[in-house]
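Open the model in your viewer and keep the selection panel at hand. The stops below are meant to be taken in order.

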Amino acid sequence: MIEDDSINRFNELCAGHALGDLSHEEERELAVLTKQLRIEPDAAFELLAASLEVESLKNAIEPMPAGLEVRLRQCAADFAGGMPSNVFVPEIPTWRKIVGNPLVGWAAAAAVAVFALLGSPQEVPISPAQAESKLRSEAGDLIERNFEGLGEFKSAGGKVVWSDRLQQGFMTLTGIPVNDPGKSQYQLWIVDPKRDEAPVDGGVFDIPTDGSPVVIPISAKLVLTQPQAFVITLEQPGGVVKSKQEKVVALAKG
Amino acid sequence: VTEQRLTSTRLILPRVAAGEAEAMGQCLSAFGGLVWSIVRRYLSNQTEAEDLVQEIFIEIWKKAASFNPAVASETTYVGLIARRRAIDHLRRQGRKPDLEPLSAAASIPLPDLEKSSVLLDSETVKSSLASFPAETRQLFDLFFEKGFTHPEIAAKTGLPLGTVKTRLRRGLITLREQLKRIAIPNQTPAS
């Protein structure tokens with residue numbers, strides 16, 4: 001009976017989430033119940049809400065402003081060629097500690113220049129290395145930072161490049177130990193204080209070969225506005241929604 | 001009719017996922033007005049709305065590979081992303097009177113659309129809604145059709161705010177239960 005009550009409450013909160021009307025306390029309650037009951041919110045609620053809203057707009061669709069459409073078409077042209085996808089919305093309010101830690105200096109390790117320019121890729125799918133080269137040639141606003149290994153991962157290094165305009169980026173990593181995906185996986189977090197206090201999940205990845213540079217596409221869940229730091233952690237398989245930061249592998253900031 | 005439409009029309013999102021430049025433009029033509037209209041429901045500021053629409057399209061392109069026509073139509077999938085982002089934007093801005101800032105909300109994982117307990121067919125949704133009590137239908141109409149907020153609905157109907165909230169939630173739960181009961185094997189969604 002108690003479990004039935006919990007499930008009923010869980011469903012009510014899921015419906016509220018889909019309707020966008022949960023209070024702060026209810027959001028917390030839903031998170032707790034999700035964990036306790038070990039069930040995920042049913043996507044049907046959001047799908048139904050979206051379906052109803054879309055249906056209601058069928059006869060009331062307004063055209064986009066012309067200027068916006070022009071911008072979007074330019075943006076679409078930039079994006080054509082392959083886009084990474086993504087997963088989580090994390091909540092980790094304590095990341096500033098890492099970013100602000102003066103001990104984590106960033107006398108950057110010798111950069112690993114492995115950006116072999118492989119010509120202009122015309123075919124899809126293209127490899128991460130090719131996509132990275134393409135990004136370098138097309139993004140006029142590219143930022144580039146060096147990774148520095150931390151703690152037991154001192155040998156870790158590499159670079160990260162990111163374009164706000166194209167919302168695309170890549171890491172080229174070296175010296176990170178090979179992981180067993182069945183036991184643990186690496187996860188990237190992107191600290192963007194201008195956007196949000198919580199860092200954005202940049203995706204889960206594996207290091208399949210030891211020592212040789214690996215190019216990993218960044219899969220940012222949310223649109224980034226001005227990333228200030230990129231942090232790699234080692235987490236459970238599949239990654240986590242909230243990192244305990246027990247194993248921080250490398251940091252790139254500035 | 002639905003199956004005919006699905007087979008006779010080339011879906012856009014899978015081609016966006018494959019990086020077809022032409023599909024990107026088609027995506028904008030097909031869904032630009034829808035995304036804009038959804039965002040305008042939530043945001044009155046034109047500049048903010050335009051920025052958000054741009055963010056939404058980037059997300060649509062990035063998540064195009066996750067679209068599954070067996071779960072929902074492209075229109076619903078795009079609408080879901082647009083709606084979710086608009087609500088998230090308001091939550092972050094802390095502007096909606098009955099919503100609070102992000103932190104706890106962010107800890108709830110996004111539901112996996114593949115695991116949805118119902119497949120969507122807009123006709124079935126409509127006919128299910130028709131069987132609802134008049135009061136619930138009125139609340140759904142005010143919320144989804146007219147785009148009123150909970151406090152606005154409470155003011156219009158004279159119902160307490162908490163009642164509006166509870167009845168809308170229970171209405172959505174009932175709708176889901178009805179659709180689950182109706183579940184048709186090999187059902188395909190309508191656009």
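The tour goes from a surface patch to a loop and then to a set of paired strands.

This is a predicted model, in which local features need pLDDT of at least 70 and side-chain atom pairs count only at pLDDT 80 or more, while totals for chains, interfaces and linings use all residues. Residues are numbered from 1 along each chain as its sequence is written, chains are lettered from A and ligands numbered from 1 in the order in which they are written, and side-chain values use heavy atoms, with hydrogens and water left out.

**Stop 1: the charged patch**

Select A:Arg28, A:Lys35, A:Lys242 and A:Lys244, which form a patch of positive charge on the surface. A patch here is made of residues with over 30% relative accessible area and no salt bridge, like charges being joined within 9 Å. A salt bridge is a side-chain nitrogen of Lys or Arg within 4 Å of a carboxyl oxygen of Asp or Glu.

Now keep A:Arg28 alone; this residue belongs to helix H2, residues 24-37 of chain A. Helices are DSSP runs of H or I with at least four residues, strands are runs of E with at least two, and both are numbered from the N terminus. Is A:Arg28 buried or partly exposed? A:Arg28 counts as partly exposed because its relative accessibility is 43%. The cut-offs are under 20% relative accessible area for buried and over 50% for exposed, with partly exposed in between (1.4 Å probe, protein chains only).

**Stop 2: the loop after H2**

Select A:Arg38, in the loop between H2 and helix H3 (43-57) of chain A. Its phi is near 55°, a positive value in a residue other than glycine. A:Arg38 is exposed, since its relative accessible area is 78%.

**Stop 3: the strands**

Select strand S8, residues 248-253 of chain A, where six of the six residues are buried. Two strands pair if DSSP finds at least two bridges between them.

Add strand S7 (residues 229-235) of chain A, which runs antiparallel to S8(A) and is joined to it by five bridges. A:Ala229 stands opposite A:Lys253 in S8(A). Also in S7 is A:Thr233, which counts as buried because its relative accessibility is 0%. From A:Thr233 to A:Val204 the C-alpha distance is 9.5 Å, with their positions 29 residues apart in sequence.

Next add strand S1 (residues 143-149) of chain A, which pairs with S8(A) in the antiparallel sense over two bridges. Here A:Glu148 faces A:Leu251 in S8(A).

Last, add strand S2 (residues 157-163) of chain A, joined to S1(A) by six bridges and running antiparallel. A:Arg145 has A:Val160 in S2(A) as its bridge partner.

Note on methods
Patches are made of residues with over 30% relative accessible area and no salt bridge: like charges are joined within 9 Å, nonpolar side chains (Val, Leu, Ile, Met, Phe, Trp, Tyr) within 5 Å. Accessible areas come from the Shrake-Rupley method with a 1.4 Å probe; for residues, only the protein chains shown count as cover. Lys and Arg count as positive and Asp and Glu as negative; His and the chain ends are not counted. The place of a charge is taken as NZ of Lys, CZ of Arg, CG of Asp or CD of Glu.
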